[in-house]
Each structure stands twice: as structure tokens, then as C-alpha cells.
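Trainee: I should like to understand the terms used to describe this structure. May we take them one at a time, setting each value against its definition?

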Amino acid sequence: MPLKILTIVGARPQFIKAAAVSRAIRETDGLSEVMIHTGQHFDPNMSDIFFEELDIRKPQHRLAVNGGGHGDMTGRMLMAIEPILVAERPDWVVVYGDTNSTLAGSLAASKLHIPVAHIEAGLRSFNRRMPEEINRVVTDHLSTLHFCPTATAVANLAAEGVTQGVHHVGDVMYDATLFAISKAERASTALSDLKLRPREYALATVHRAENTDDPRQLRAVVQFLQERAQSHPVILPLHPRTRQAASRTGVNLDHLKIIEPVGYLDMAKLLHHAVEVYTDSGGVQKEAYFHRVPCTTLRDETEWTETVTHGWNRLWKGPDRVARREIGEYGQGCAAFDIAKLLASNPAA
């Protein structure tokens, strides 16, 4: 019997990473996969379109758990995930990154004594005010296998006493980007639809709670983007949380080109041809590097320190970029297959 991998996803970045790993699982002997979509991102433009564009099989289980505070959402996910794990009896539960879906999945699995494999293990911002930091720390300490994208992530785990089952595999986002670039160039009409010319616009994303939940912080971020818009148009696919926060607090989004959230191929096309990226997303920081576009991170810290030390990224209130150089430790675009092989060679703990 093949090992059954139960994958838990719920948010846009996880769909992208899972696309690469799911393809690798399908092509690896001895593995089968079942997927749970928690529903954390429920807008069709932030959910269903990714499964269609990235060749991901539709999830066998959809939970439709979204909205509410962190405790409420995580609790409802736990309640919904547990009976599925009991029924499916997987050999491994695979979780991604640092969302509430990640935390709920790792908690539910560990309490049922099902081993957890964490993709993007070991990342740290060292800011415990970020809910994502809490999610990733707890998940790492509940996991049996830790798939680290960087050597820094390996060192972070070692500093916390986690040394068993740790593998530096590179970054599955790079795998996903390589898959998407050629497909997006052929299929996406985003630039022509928006009447944009390559290297004559910037792209922004804003969604983190630290930026949306504090009216003063949101105003500061928007003002920063509006200042940049004086040099070149700033395209902002507006996250539902950011739209609601701006409306609720009266933050004016004038002088920014607001568009609806876009699918992964359109996003890849917009990223690939942007002159610069402004974002508070961890994933988009790296995607900017994979497309070789300079990035400014709209936070006071970043988990992806390599993008800063190698000159492709800077913090919005930090010093200017250093000289750019390539980042070798993200791998060669085969992280997903390395992960699948490691899962296949590790029967349930």
C-alpha cells in the first residue's frame, strides 16, 4: 500500500507551494495524496482559480472555515479537521508555512499521534507580536519532518533544540515560479487588460494584520505607496481584509491603481514585468527575487533575510539595498521532488 499523505492548505501561498509538491507526489512511487482545503481564503479569485491554473487536483475535503478572530478560526478548523484525520488515517500530515490552517492541522494531527511534515520549517521573524510567528514556532515543535528552504532556517531550528528530521531542501516557491513563468507569458493577458507596459509600473500587496488592523499603520503604508506612485503607477490587487480595513477607517486609496485579487498566472505576469514590488507578504518577497525584481518589504522585519543580505530586498524603514548577488541556497527548482522522496523513504514515525 502506498503511504497516504494528507495535505492541509487554506491560503493563497499554500496553494502555490502545494501545486509543486502535489505534482511531485503524483510522480513518486509509493505515495498517494488527500487534500483538505480549510477555506481560510474563500474568495474564488484567491482560491478556486489557483487550483485551476496550477494543475492541482480539487481537494477531497472543503471545510469553509473563514472569518472571525484567530482563536475562533483555529478552533473551528481543529473541530473540522480532526474527524477527517480519524476517517482518512493518513501516514503523514503535510502543512505549509505559518497560517491558522497550518497551526490547526499540526495540532489536530499531533493530538492523534499522526506525524507532521512542515514545509517552510525554521523561518523566524523574531517578532512574537505576529500571529504568523506563533503559528510557525508551534508547528515546528510539533513536527517530525522539517523541510527548510534555507540554511538560516536550519540554524534557527538548531537554536531551539530541533535537530532531528531537519532537511535543507531549498524553496518549493522556486519550483512553482519556474512552472508558472512560461505558462503565464503564454496565457496571461494581465498587462494588456490593464494597459500596462513592462518596467513602467510597480506592484504592491498589503494584507498582514499588523498593517491592516492598526489605522495609523495602514495610513502610513498607503501614504508610502502613494509617494511611490508619483514615480510610476502602483498596481494594488486589493485583499478583502485590506479593503474592509480601508473602508472602516476611512483610509483613502487615491492615486493607486486598485484591482481585484488576481490568479497566480496573472500575478506571475505582473511580477515578472514590474519595475519594483512593495509587499508585506513573505511569499511575494521571494517571488520578486525569483523574477529578479527589486522588492521593498512593508514591515519592520523579514523571515527571508537572504533577500536583504543579497541586495534584492529592503525594509521600508531600513537602509538602502546592498549590491545584488544571486541566492544559491533556495535550490535549483527541485525542492518538491526532494520532499516527496524524503516522505516516501520515511514510513510513519
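**Reading the terms**

Mentor: Let us begin with one residue: at 68% relative accessibility, H255 counts as exposed. Please keep in mind throughout that the model is predicted.

Trainee: Why is H255 called exposed?

Mentor: The term exposed applies over 50% relative accessible area. H255 has 68%, so it counts as exposed. Its place is the loop between helix 11 (240-249) and strand 10 (257-259).

Trainee: What is there to note about phi of H255?

Mentor: Phi of H255 is near 75 degrees, which is a positive value in a residue other than glycine. F126 also has a positive phi, near 60 degrees, and is likewise a residue other than glycine.

Trainee: Where is F126 placed, and is F126 buried or exposed?

Mentor: F126 lies in the loop between strand 5 and helix 5 (131-142). Its relative accessible area is 62%, and the cut-off for exposed is over 50%, so F126 is exposed.

Trainee: What makes the chain as compact as a globular protein of its length?

Mentor: The chain has 15 helices and 13 strands. Its radius of gyration is 19 Å, and the globule rule gives 20 Å for 349 residues; the two values are close, so the chain is as compact as a globular protein of that length. Along the principal axes, the C-alpha trace spans about 60 × 40 × 40 Å. Of the 349 residues, 58% count as buried.

Trainee: How do you know that strand 4 is mostly covered?

Mentor: A residue is buried under 20% relative accessible area. In strand 4 (residues 92-96), five of five residues are buried, and the strand is described as mostly covered. Both faces are covered: W92, V94 and Y96 lie on one side, V93 and V95 on the other.

Trainee: What makes strand 4 and strand 5 a pair?

Mentor: Two strands pair when at least two bridges are found between them. Strand 4 and strand 5 (residues 116-119) have four bridges, in the parallel sense. Within this pair, V95 stands opposite H118, and Y96 stands opposite I119. Strand 1 (residues 3-9) also pairs with strand 4 in the parallel sense, over four bridges, and there I8 has V95 as its bridge partner.

Trainee: Which elements make a right-handed β-α-β unit with strand 4?

Mentor: They are helix 4 (residues 100-111) and strand 5. The term right-handed rests on the path from the first strand over the helix to the second, which runs clockwise when the strands point away from the viewer.

Trainee: Why do strand 3 and strand 7 stand at the edges of the sheet?

Mentor: The open sheet has seven strands in the order 3-2-1-4-5-6-7, with parallel pairing. Strand 3 (61-62) and strand 7 (166-168) each have a single partner strand, so one side of each is left without a neighbour in the sheet.

Trainee: Which strands pair with strand 11?

Mentor: Strand 8 (residues 202-205) and strand 11 pair in the parallel sense over four bridges, with Y278 of strand 11 as the bridge partner of A204. Three bridges join strand 11 to strand 12 (residues 295-297), also in parallel, and T279 has T297 as its partner in strand 12. From strand 11 the chain crosses through helix 13 (residues 282-290) to strand 12, in a right-handed β-α-β crossover. In strand 11 (residues 276-279), E276 and Y278 point one way, V277 and T279 the other, and all are buried.

Trainee: How do you know that helix 12 is mostly covered?

Mentor: In helix 12 (residues 264-273), eight of its 10 residues are buried. Among them are Y264, L265, M267 and K269.

Trainee: Finally, what makes a space a cavity?

Mentor: A cavity is a space where a probe fits but cannot get out. The count comes to one cavity of 30 Å³ or more, and about 30 Å³ of space lies in the largest cavity. Its lining includes I119, F147, D171 and I339. The lining residues divide into seven nonpolar, one polar and two charged.

Notes
Residues numbered from 1 in each chain as written. Predicted model: local features only at pLDDT ≥ 70, side-chain atom pairs only at ≥ 80, totals over all residues. Heavy atoms only, no water. 1 Å grid on protein atoms, 1.4 Å probe; cavity = no way out; pocket = protein on both sides within 12 Å on 5 of 7 lines; lining within 4 Å. Points joined across faces, edges and corners; volume = space filled by probe spheres on them. Nonpolar A, V, L, I, M, F, W, Y, C, P; charged D, E, K, R; others polar. Buried < 20%, exposed > 50% of the residue type's maximum accessible area, 1.4 Å probe, protein only. Helix = DSSP H or I, 4+ residues; strand = E, 2+ residues; numbered from the N terminus. Rg over C-alpha atoms; globule rule 2.2 N^0.38 Å.
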